[in-house]
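Dear colleague,

Please find below the structure that I am handing over to you. My findings follow directly after it.

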Amino acid sequence: MTSIFSGTQRFMQDEQGVTAIEYGLIAALIAVALVGTIKTVTTALDGTFTSIKNALTS
């Protein structure tokens, strides 16, 4: 019975899992930011290349 309590106490004091979760959340936030940025840049480039194509075909 005391081993369960000591194991639980050790688990509650261990901060390595918390750090891993924080790194995971940071990585997810960076991924979301990259997807949003890439989508915006892609839309802007598409408009630019369409304008160039129209200017060259005229």
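How much area does the protein chain expose, and what share of it do carbon and sulfur atoms supply? The protein chain exposes about 5,400 Å², and carbon and sulfur atoms supply 70% of that area. Accessible areas come from the Shrake-Rupley method with a 1.4 Å probe, and for residues only the protein chains shown count as cover.

Please note that this is a predicted model, in which local features need pLDDT of at least 70, side-chain atom pairs count only at pLDDT 80 or more, and totals for chains, interfaces and linings use all residues. Residues are numbered from 1 along each chain as its sequence is written, and side-chain values use heavy atoms, with hydrogens and water left out.

As to overall form, the protein chain has two helices and zero strands (DSSP runs numbered from the N terminus: helices are H or I of at least four residues, strands E of at least two). Its C-alpha atoms fill a box of roughly 85 × 15 × 10 Å along the principal axes. Of the 58 residues, 0% are buried (under 20% relative accessible area; exposed is over 50%, partly exposed in between, with a 1.4 Å probe and protein chains only).

Two residues of helix α2 may serve as examples. Ile30 lies in this helix, which spans residues 16-57, and counts as partly exposed because its relative accessibility is 48%. Ala44 is also in helix α2; its relative accessibility is 47%, so Ala44 counts as partly exposed. The C-alpha atoms of Ala44 and Thr19 are separated by 38 Å, the two residues being 25 apart along the chain.

With kind regards
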